[in-house]
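User: I'm new to this structure and would like a close look at a single part of it. Could you walk me through one sheet and what packs on it?

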2 protein chains.
Amino acid sequence: MKEGQRRGDFTLPGEAGYEALTLKLAETWGADVIRDSDGTKLSPEIAEAGYRIYSTLCVIREHNAFALAHPETQQQTFLMSEAVLAEGDTVRIEPLKGYFTEQFQLNDTPEALVYWEVWDRTAGVRVSRDDWDWQDGAVTVIRCIPWHRYTVSFLCWRIWEEINMYNHTTNHWTSEHLRQLDPRHPLAWNYLTEWLDKWCADNPQTDVVRLTSLFYNFVWIFGEDLRRRNRFTDWASYDFTVSPAALRAFEAEYDYSLTAEDFLQKGFLQATHRPPTQAKRDYMDFIQRFVARKAREMVDIIHRYGKKAYVFYDDSWVGMEPWGKYFSSVGFDGLIKCVFSGFECRLCAGADVPVHEIRFHPYLFPVGLGGLPTFMEGGHPEKDAMDYWVHVRRALVRQPVDRIGLGGYLHLTEGFPAFVDTVTEMGDQFRRLKALHAEGSPAKMKLRVAVLHAWGRLRSWTLSGHFHETDGNVLIHLNEALSGLPVEVSFLSFEDVLSGGLNGVDVLINAGRAGDAWSGGDAWRNPALLAEVTRFVQEGGALLGVNEPTAAPDGDTCLRLAQLFGLDVDDGRYACHGAWSFETGKAPVPLWPEALPVKPGARLISGDSQVWAAKDGVPQATCRKCGKGKAVWLSGFAWSPEASGMLLRLLSWMAGQTGENVARTDSLSSEAAWFPASKTLVVLNNGDDPLETEVTWPGGKAVLKLAGREMRFLEG
Amino acid sequence: MKEGQRRGDFTLPGEAGYEALTLKLAETWGADVIRDSDGTKLSPEIAEAGYRIYSTLCVIREHNAFALAHPETQQQTFLMSEAVLAEGDTVRIEPLKGYFTEQFQLNDTPEALVYWEVWDRTAGVRVSRDDWDWQDGAVTVIRCIPWHRYTVSFLCWRIWEEINMYNHTTNHWTSEHLRQLDPRHPLAWNYLTEWLDKWCADNPQTDVVRLTSLFYNFVWIFGEDLRRRNRFTDWASYDFTVSPAALRAFEAEYDYSLTAEDFLQKGFLQATHRPPTQAKRDYMDFIQRFVARKAREMVDIIHRYGKKAYVFYDDSWVGMEPWGKYFSSVGFDGLIKCVFSGFECRLCAGADVPVHEIRFHPYLFPVGLGGLPTFMEGGHPEKDAMDYWVHVRRALVRQPVDRIGLGGYLHLTEGFPAFVDTVTEMGDQFRRLKALHAEGSPAKMKLRVAVLHAWGRLRSWTLSGHFHETDGNVLIHLNEALSGLPVEVSFLSFEDVLSGGLNGVDVLINAGRAGDAWSGGDAWRNPALLAEVTRFVQEGGALLGVNEPTAAPDGDTCLRLAQLFGLDVDDGRYACHGAWSFETGKAPVPLWPEALPVKPGARLISGDSQVWAAKDGVPQATCRKCGKGKAVWLSGFAWSPEASGMLLRLLSWMAGQTGENVARTDSLSSEAAWFPASKTLVVLNNGDDPLETEVTWPGGKAVLKLAGREMRFLEG
């Protein structure tokens, strides 16, 4: 392998049967590592070609023989039956009706059955155990109240590993359904550690074990009916970690017991977008410690064989969040994150682990995640790759990662030469950015932004899944914008705020919908929180609220800090009340109105608020001076290059900073970074169209013409 | 006065100084009654011209000398100060700051001060009386928690009668501000009854005392700042009935005491659009009995002089609702209602009182209620009159009233001959309809529609004000449509439902926004209510839910009867949950999609719901069979002639009726009525454009061409 500027830090997916292609593309893209992927193998010819080798291991999967021999070691979950209407005084409920029976199988073992519950959902009360019986495939409830609805909460085995199930159902795979083992079961754990040990011994050519990921998948609950195949999808929920053994262990440690209802929450489950109960918080911490402890044992085995242990943070990631309290205790050597977006890049880059690697999209698969063609007729993978790269490179300009790579079936790139060229270009740009960072960090404003939500640091940058899976939440749009701005960003929980977390913060962001985890919901019922944020603002801090910030029921305003904003968002309680009329004034920074949706119910509640933008008489952007500080409200925030530019200018103005130590452009859709050590300027046109922009940096100024999506390096 | 078909049942506003005009228009319009108006007088020449005479009396107003001599007899209200932020441990609050000081004056007499309260609104707790003091025009609160917000709740005098205040501020009147007396004060009551007695003695020419209205005005709270002149406007709230004396009397009767907070509700007050607390219900009943008792005394005085007592149900109507429990006990001889809409006509027509009179709009004033020109340059009063008439006549076709009339300054009609002609035509049509009804009622379907909301019968037909004041609430659109349909309509409260109110109901309607009085809010937490409505539907009834019907927090669905609809409206709790996908099928009746807004969050939760209409993947109209019954959901309902037509067809289909005993048209924007006794068909084109429609009635069928807005009478 040749060495050179355009070499290294690149992980190529090799493919047995396509040895020549593998080696040729390794050369073209300057790979230093070759990996296998889910569904591909490496041949000796590839493995022995002088590249470092990553081997993908899905720890809990591909042990079907063991799983079938010991079905009690499989993973489980709670489910709630559909609600059945009592037309008389008895009702018969088939618990699994409507669920995908290829995924779920009832667990009515004695140790599971004690966790089953029957609820009268109309009255909201649990039915006495004396009043129901499980027999012949159904629960029969007696002494029902006619015209009430009843549900059964139950445990069941998950008999199809969900990533495999997804690939089968999406890509029409026909191979055997893979099962998954629960590492909490001693039999399974012994089996898995012995298996891993043997695997390491049998695979001396492997340099890096690429764990994909650990033990518990995010939650994917399928329905039987194709009209509701997706019943529930949460990329960060803990439902799939549960078992009677876990519940018993929890009870032993916490002195209280969890019930099915703690998980099922009337059937709404515990979506990450919703504020967690204390029981959920306890349970998550309990699982995180378990996952970290078990993962450490696996890493130790891998290390004993002189191999590195990298973890892929997608799929079975639950409990191993890279920003969680226990992640660094595992001792991983590297973290690999697939990225569509800038925020995912920052999620990876900021984790406490030696090596940070990002895997680009598109994955080398015929179809993409949304089901659209990628590497097949009608697909434009080079366009997809560049679409994602425009997001990712912004983040890389601010904070580097160590490596990049691809995954999937390499042979699919044949017939897509433009894709090959695009990846070559991306590799070049990545390496050049990495080299700049190595010489010295880019200039950053002394502007500390803190994003405040229920999860705080645990859910830094991400909400739960990828951008396109969570883009109904305004915060992911903000996080994506922030990922490429020359400011410091941290993520605070409400508890953090109550223990001094606002010290040093310049701009505090709270952005979400009333009642969700991002706005915060009931957390805002706490007067101490309200007082502390008020103090922060009145004493000179800046608060940026988006959509329904600080909203909680039962206050004297709908947004609990409405009086700071001088604006509230009516949930119906303002019936018959007149709002303050207003004239729309000029904002101190250029706004991008396309980013600001009309928020029905938004209304001025103070005469001293300034309205910067409004549509049809409804404010879209407002500002109020509060003591020495200020509170800005935006109706929403839809990500775009221009919206990002607006956000930077808004944050700077709110913090009273001019940004003279950093590079600035005068067009909203472009950005610039100044690397003082290497005296290099990086200018990005994030928009599709060519533009002319004036760039100012410490000691210089220039007018540049940039092509659409161009990234230009200027050595000063 | 000549007698004839085009004579009588018409009340004309006369005006001194315009005697010839008065008598000429009386002749033109066939008046049998001449009245004075607020601001006009009748001269002897008019009063003695042989017409019956109505004299307008605003009982509680126009006693300024007495009010100034006895200011303690004036009316009062509770108000809440603005919330003031404590920056340290004390805070100073000026209670009236921000309120219109021409309307309000603090009441800090000892008997009032005991009702004052200070609240820490951040913590939601009342401040101990030891920790605040009222002195030098401000309340000083000590031992504050820094960065909490504090409010003062206080009583104040209302020193400007609100209708007079409105006329002054709207029409730039400059006369003395009129005050108002509280009939609860013994001094005031003695004065008022003596005054009324004397007035009756002094005005022998008056045939009918037209009370406009009784004692307590609807609530109009003005702000000092013109940018928030309208702080609160509720046409049916009871805030203006309060006084220390009323509170003491309430406590004596109810064994519990009301506080300022019962009225102020954190500053949101008690808007009629919001579900009432039990304390509010008790208080309203208490006031209604007081108003009825006192009104009866006044009516008795009037009757002693051989005069009739009619009451105008607008302005100071609070506590005398015509559909309330005590209205008929007053003994009024007539009810006069100003009408813009059909529902107001039904409100009047259905009240238990001998004479029902409607007063047309526009009022003879230079400007209309919205501030637009009417009888002045730029005004088109004839167009306005016809716009309202198109709504009103639909209701008159279904249920007659006894009389019509106008009000205001008659001389303003000079220069508007088209208005004079329009009123002539309206009078002709009214009299013809009245004569038809007199011969025998129009055919009606045996289809009983019940509208279910928190208020039930008390707020039959109206929500609180006129259509244009409440048109943000979907129910008024439905009520307006129902007012002209050949079906029976009643209004049920949730208590009615629990005591057998659904017996005989064919279609039950629940229509409103989550948490409002029309949807019902917390009432839907009651399992007995849920079970009873479920029973009704499952046993064959039909439920029509509109917007967010049956919504209440804390259930296993957002709409508590979502499972009947097979549809729910997500309030955020469905995060990560997949909905049922659907194909849009054909509805069994013609829909009018313009009436159905997109309702964000609407989602199918059942595989057996039919979707009749959808936009951007969001259902707009759905139907689910439930046992022997059915549940239909509409995203909303925006009134139009066509939407009314859709509603009739939908209700008929839901009730399983074909309507063969009534007259039907085949176009949505037209309607027909069949008067069997007189064998007369009335066909209305409710739209602006000409149309051709097939009309079917018992024993006949015809295709008719109608001009825009035409009403045609066909004798069969």
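Analyst: Here is a walk through one sheet in chain B, followed by a short stop at a pair of helices in chain A. Keep in mind that this is a predicted model.

Let's start with the strands. The sheet is an open one of three strands, in the order E30-E31-E34 of chain B, and the pairing is antiparallel. Strand E30 (670-675) and strand E34 (711-715) of chain B sit at the edges with a single partner strand each, so one side of each has no neighbour in the sheet. On average, neighbouring strands here are turned by 15 degrees against each other, if you ignore direction.

Now zoom in on one pairing. E30(B) runs antiparallel to strand E31 (residues 680-685) of chain B, and six bridges join the two. To find one of them, look for B:Ala673: its bridge partner in E31(B) is B:Val682. Packed on the sheet is helix H12 (residues 381-398) of chain B, which touches E30, E31 and E34 of chain B. The direction of this helix makes about 155 degrees with that of E31(B).

Over in chain A, helix H12 (residues 381-398) meets helix H11 (residues 342-349): their axes come within 7 Å and cross at roughly 40 degrees. That angle makes H11(A) oblique to H12(A), and the crossing is right-handed. On the H11(A) side, the contact is made by A:Gly342, A:Cys345 and A:Arg346, while H12(A) brings A:His391, A:Val392, A:Arg394, A:Ala395 and A:Leu396. Sorted by type, the residues of this contact are four nonpolar, two polar and two charged.

Note on methods: Residues are numbered from 1 along each chain as its sequence is written. Chains are lettered from A and ligands numbered from 1 in the order in which they are written. This is a predicted model: local features need pLDDT of at least 70, side-chain atom pairs count only at pLDDT 80 or more; totals for chains, interfaces and linings use all residues. Two strands pair if DSSP finds at least two bridges between them. Helices (H or I, at least four residues) and strands (E, at least two) are DSSP runs, numbered from the N terminus. Axes are lines fitted to C-alpha atoms, for helices over the stretch in contact, and angles run from 0 to 180 degrees between N-to-C directions. Two residues are in contact if their C-beta atoms, placed from the backbone, lie within 7 Å. Angles under 35 degrees count as roughly parallel, over 145 as roughly antiparallel, 65 to 115 as roughly perpendicular and the rest as oblique. A crossing is left-handed if the near helix is turned anticlockwise from the far one by less than a right angle, and right-handed if clockwise. Ala, Val, Leu, Ile, Met, Phe, Trp, Tyr, Cys and Pro count as nonpolar, Asp, Glu, Lys and Arg as charged, and the others, Gly among them, as polar.
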